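Biologist: Could you take me through the salt bridges of this protein, pair by pair?

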Amino acid sequence: MSWDRGPRRPRRFGRQALIAASATALSLTASGCVVVHGEHEVLPSATRAEAAKALEQFTSAYNAADKAYDTSLDADHTTGALAAIDSARLKAGRANHPDGNPSHTPLELTDAEFTIPKKAGWPRWFVADAKGNKGGDTRWLLVFTRHGMEETWQAAYLTLVAPGKVPEFKTDADGWAEAVPANATDVAAPPGDLSKDYTAYLKDGGQTFADGAHTSAWRELRQKRSKRPGLVTQYIDEPLANGDYAPLALRTKDGGAAVFFSTRHYEKQTAAQGVSVPTPNEDVLALTDGEIKQSLTMEFVSNQIALDPADGPVSVLGRVQGLTSAKGE
């Protein structure tokens, strides 16, 4: 980063250990999976019944945590980018409403479909596609992962996608999907590179990504915001691609891949002399260390789903971002 943000607060990784990078040292190997204990056999990551149970348990834990604003109640059911975003949201909620969420409405996920890849080794993972009672008519796409047979399935990614934009996944005769390796060369960009490719694009533009709300339109919005009179806004974007932030990709029917990946973003607002930094809302203040005198630096974690075709630009279909910390100076 090009500015001094002072000491960094400790990060929680994987959600066992508010921000996230990984609770384990596991990462994708050249074959696109982690092989432990000699487990080379290609098997479905979960049964459909196990996947349905994992979604049910996640929803129950998520609702309990949201109602009480208590991070401990769903800590065992989230990891990676979703854990970073969710735990910060709950922390801010608890600070402002210590008796719980006064506007809690239980999340309901219905019409669920599960896309489960056959693969060797760990982590095992699958995608749940469901209709939520929040977020309009969008589909909720959650990616669940685990690193061992005795571990609880944890939701690592959550993106919202318009109903007609949900990728069509390739499946075999038995209905099992195909995982795409992180270093795959038969798609426009290797899935393992998309996090750094995306952050590079946000800074400099380029041809890797197709125009859209989460690419060209977002860059234009940030450029406009950086030029407001009396207030300088700077942006720094960093890739997140290791451990429980590792990208996960599934083969699509057209030969490309649908890739879930994470990024970290910083936004620093610095006011000119005699001008005040805009007062943030109570949730931002709850996550802010230091006193906001001349500047406010906000840190966000974001997770995306992108269509990575065999040829042509990558399209970002959905993105969910959350504030994870802030610092006033």
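The questions and answers below deal with salt bridges and the elements that they link.

Modeller: Bear in mind that this is a predicted model, in which local features need pLDDT of at least 70, side-chain atom pairs count only at pLDDT 80 or more, and totals for chains, interfaces and linings use all residues. Residues are numbered from 1 along each chain as its sequence is written, and side-chain values use heavy atoms, with hydrogens and water left out.

Biologist: How many salt bridges does a search of the whole structure find?

Modeller: A salt bridge here is a side-chain nitrogen of Lys or Arg within 4 Å of a carboxyl oxygen of Asp or Glu. With that criterion, the search of the whole structure gives 12.

Biologist: Which residue forms a salt bridge with Arg139?

Modeller: The closest N and O atoms of the pair are 2.9 Å apart. Arg139 lies in strand E5 (residues 139-146) and its partner in strand E2 (residues 109-115), so the pair ties together parts 28 residues apart in sequence; strands are DSSP runs of at least two residues and helices (H or I) of at least four, numbered from the N terminus. The partner is Asp111.

Biologist: Is Glu267, which forms a salt bridge with Arg225, buried or exposed?

Modeller: Buried means under 20% relative accessible area, exposed over 50%, and partly exposed in between, with a 1.4 Å probe and protein chains only. Arg225, at 28%, is partly exposed, whereas Glu267, at 8%, is buried.

Biologist: Which residues are linked with Glu178 in a network of salt bridges?

Modeller: Glu178 forms a salt bridge with Arg251, their closest N and O atoms being 3.4 Å apart. Together with Glu178, the network consists of Lys170, Asp186 and Arg251.
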